[in-house]
Amino acid sequence: LSFPRTPDRILYPKVFESYESIQRMMKETEGWSGCVSTVELSWANITKEEDSYGDYFSRPGGYRNWVNGPNRQFERLFRYIQQSKRFDVWYLMEPDSYPRRNFWLDSLVDEIRAAAPFAVLGSKYDGEAWNYFHNQLSTDVLHHINGNGVYNLTDHILLGMISELEAEANTTFNAVPFDL
């Protein structure tokens, strides 16, 4: 569970209640029958000023910073998990996503095994948020994978992409989302 900054326990009690509930469930089910080894709370320690998303022209830096928050949070979470040296792959499930079928995690593990080796394993965005202006979107946005995906922490192509994302943070290329 990742946040841009350390969540305030008083302002966001449900965050901690949910985390504690997940921890209890992990103990009772032996990590959901061995499928999940750990669930952690983490934060990217980005400032409120860095944490921008979507409001193209109202923030300093304008369009260049429209995805700054998600980009910084993704790169820092990626580096945190990579530097822990505990995993080769990492599944990012965005907070506004939820499983829609039973045994979805089993299906995902099967897909990971079938697709290996890979840099990123994900799917195209298939939501409804863009329905009213779908025909106005560029091809790259229409075909982006969305952030939900499996990221191979050992893949040289992905490691290069993360380094580039970090290097471009203060340039006009910062307007490109990590999941494009």
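Colleague: Which residue in β5 stands opposite tryptophan 90?

Modeller: In this predicted model, tyrosine 151 of β5 faces tryptophan 90. The two strands concerned, β3 and β5, pair in the antiparallel sense over 4 bridges.

Colleague: Which side chains of β3 are buried?

Modeller: Side chains along β3 alternate between two faces. Trp90 and Leu92 are on one face and are buried, whereas Val89 and Tyr91 point to the other and are not buried.

Colleague: Which residues of the largest nonpolar core touch the most other members?

Modeller: That core has 14 residues, and Phe74, Phe78, Trp90, Leu92, Tyr151, Leu158 and Phe178 touch the most other members. Two or more residues each come from α3, β3 and α6. Apart from this core lies another, of 7 residues, which includes Val15, Tyr19, Val39 and Leu41.

Colleague: Leaving aside neighbours within four places in sequence, what is phenylalanine 178 in contact with?

Modeller: With those neighbours left aside, phenylalanine 178 is in contact with Pro70, Asn71, Phe74, Leu92, Glu94, Gly147, Tyr151, Met161 and Leu165.

Colleague: How many residues does α3 have, and what do its buried residues pack against?

Modeller: The helix α3 has 17 residues. From first C-alpha to last, α3 reaches 24 Å, close to the 24 Å expected at 1.5 Å a residue. Its buried residues include Phe74, Leu77, Phe78 and Ile81, and also polar or charged ones such as Asn68, Arg72 and Glu75. The buried residues of α3 pack against β1 (2–3), β2 (42–43), β3, β5 (149–152) and α6 (156–167).

Colleague: What is found just after α3?

Modeller: The general idea comes first. Most residues other than glycine have a negative phi. Just after α3, lysine 85 takes a positive phi of about 55°, although lysine 85 is not a glycine. Lysine 85 is in the loop between α3 (68–84) and β3 (89–92).

Colleague: Is lysine 85 buried or exposed?

Modeller: Lysine 85 counts as exposed because its relative accessibility is 73%, and the cut-off for exposed is over 50%.

Colleague: Which residue in the loop between β3 and α4 should I look at for its phi?

Modeller: Phenylalanine 103 is found in that loop. Its phi is positive, about 60°, although phenylalanine 103 is not a glycine. At 61% relative accessibility, phenylalanine 103 counts as exposed.

Colleague: Where is there a cis peptide bond?

Modeller: Again, the general idea first. Most peptide bonds are trans. Here a cis bond joins alanine 116 and proline 117, with omega about -5°. Proline 117 lies in the loop between α4 (104–115) and β4 (120–122).

Methods
Residues numbered from 1 in each chain as written. Predicted model: local features only at pLDDT ≥ 70, side-chain atom pairs only at ≥ 80, totals over all residues. Heavy atoms only, no water. Buried < 20%, exposed > 50% of the residue type's maximum accessible area, 1.4 Å probe, protein only. Expected span 1.5 Å × (residues − 1). Contact = heavy atoms within 4.5 Å. Pairing = 2+ DSSP bridges. Core = buried A, V, L, I, M, F, W, Y, C linked by side-chain atoms within 4.5 Å.
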